[in-house]
Amino acid sequence: MTDQTQTSTHGPAVEQIVELSDAELLKGMWTADDLRRQVDLADRHLWVAIADGDDVVYRELETQDDAEIGREVLGFTLTCVHTYEELDAELQVPVGELFDREDCPVGMFKSLVVKPSARDRRIGTELGLRAIGETFVEDDRVDEAIAVAWVREHNSANLALVETYGELVAEYDEYYGEGRDCPECPGENYCGCTFRIYRAPF
Ligand SMILES: CC(C)(COP(=O)(O)OP(=O)(O)OC[C@H]1O[C@@H](n2cnc3c(N)ncnc32)[C@H](O)[C@@H]1OP(=O)(O)O)[C@@H](O)C(=O)NCCC(=O)NCCS
């Protein structure tokens with residue numbers, strides 16, 4: 001299996017991504033360090049949407065070209081390929097509920113975020129399609145992919161997007177439970193939010 005670590009040289013694009021994720025995604029639940037750690041994985045694909053005048057340019061961001069990008073990042077998506085053990089560590093529920101051991105390695109959608117000011121212009125759709133092509137369709141090791149989606153009334157675009165790629169396989173009413181300081185749930189260090197897990201063959 002691939003060595004999952006490499007040296008981090010975060011430049012301006014990754015820092016914009018971290019800021020965007022921190023503001024828009026899981027707030028206190030998925031920290032900036034969590035994202036930096038994921039960006040540093042060797043077996044990952046990071047696609048960015050960059051403002052180019054009135055147009056949007058999409059490109060895959062390698063760690064080494066990050067520093068070249070000084071333009072505004074409008075959105076990003078991060079995908080990884082995980083072994084059975086890595087996926088088990090990543091999920092809050094036993095991976096055996098979702099996959100048989102021989103199903104892995106499995107592609108995973110880690111995150112997809114579009115800046116609020118740039119939403120509803122199909123940027124999320126375009127990023128998702130690129131990530132699927134690169135990480136899952138063109139990767140011979142990967143037969144299946146998984147996405148974990150937060151069910152929130154004010155973020156139905158999230159579910160609209162994953163439902164175009166994947167099939168709902170599980171729903172958990174208290175996916176995180178104790179130990180996550182959810183911005184939506186009352187009390188400290190607790191998350192009772194519902195999450196859905198989607199799975200797609202490639
Ligand atoms: C989810 C998100 C990435 C969508 O980005 P986007 O660029 O606005 O998405 P698109 O314009 O490509 O639209 C995707 C789908 O959602 C629908 N949609 C867009 N905005 C919507 C809204 N406000 N309410 C309901 N549906 C909406 C679109 O109609 C489209 O569906 P369609 O293909 O059936 O027409 C963006 O809302 C976001 O960053 N949300 C916060 C972070 C998040 O939850 N990320 C996903 C989990 S990691």
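Which residues does Val73 touch, not counting residues up to four places away in sequence? In this predicted model, Val73 touches Ala13, Gln16, Ile17, Leu20, Val48 and Ile50, once residues up to four places away in sequence are left out of account. Val73 is also named, together with Val48 and Phe76, among the residues with the most contacts inside the largest nonpolar core, which has 47 residues. Two or more residues of this core come from each of the helices α1 (12-24), α2 (32-39) and α4 (123-137), and likewise from each of the strands β1 (44-52), β3 (73-82), β4 (106-114), β5 (144-150) and β9 (195-201). In soluble globular proteins, nonpolar side chains tend to be buried together.

The protein chain as a whole holds five helices and nine strands, and its elements follow one another from the N terminus in the order α-α-β-β-β-α-β-α-β-α-β-β-β-β. Of its 202 residues, 33% count as buried. Among the contacts in the protein chain with a separation of 6 or more, 70% are accounted for by residues 24 or more positions apart.

Seven of the strands form an open sheet with mixed pairing, in the order β2-β1-β3-β4-β5-β9-β6. The edges are occupied by β2 (55-60) and β6 (167-172), each of which pairs on one side only, and neighbouring strands of the sheet are turned against each other by 20° on average, direction ignored. Within this arrangement β1 and β3 run antiparallel and are joined by seven bridges, and Trp47 stands opposite Thr77 in β3.

Two helices can be placed relative to these strands. α4 lies across β1, β2, β3, β4 and β5, and runs at about 25° to β3, whereas α5 (156-165) lies across β4, β5 and β9, running at about 165° to β5.

Both of these helices also take part in the surroundings of the ligand, since β4, α4 and α5 are the elements that give two or more residues to the shell around the ligand. This shell consists of 20 residues, of which the closest are Arg119, Gly124, Thr125, Ala157 and Ala160. The largest contribution comes from α5, which gives five residues. By class, the shell around the ligand is made up of nine nonpolar, six polar and five charged residues. The helix α4 and the strand β4 thus appear in two settings, giving two or more residues to the largest nonpolar core and two or more to the shell around the ligand.

Definitions and conventions
Residues are numbered from 1 along each chain as its sequence is written. This is a predicted model: local features need pLDDT of at least 70, side-chain atom pairs count only at pLDDT 80 or more; totals for chains, interfaces and linings use all residues. A nonpolar core is a set of buried Ala, Val, Leu, Ile, Met, Phe, Trp, Tyr and Cys residues joined through C-beta atoms within 7 Å. A residue is buried if 20 or more other C-beta atoms lie within 10 Å of its own, exposed if 12 or fewer, and partly exposed in between; C-beta atoms are placed from the backbone. Helices (H or I, at least four residues) and strands (E, at least two) are DSSP runs, numbered from the N terminus. Two residues are in contact if their C-beta atoms, placed from the backbone, lie within 7 Å. A residue is near a molecule or strand if its C-beta atom, placed from the backbone, lies within 6 Å of it. Ala, Val, Leu, Ile, Met, Phe, Trp, Tyr, Cys and Pro count as nonpolar, Asp, Glu, Lys and Arg as charged, and the others, Gly among them, as polar. Two strands pair if DSSP finds at least two bridges between them. Axes are lines fitted to C-alpha atoms, for helices over the stretch in contact, and angles run from 0 to 180 degrees between N-to-C directions.
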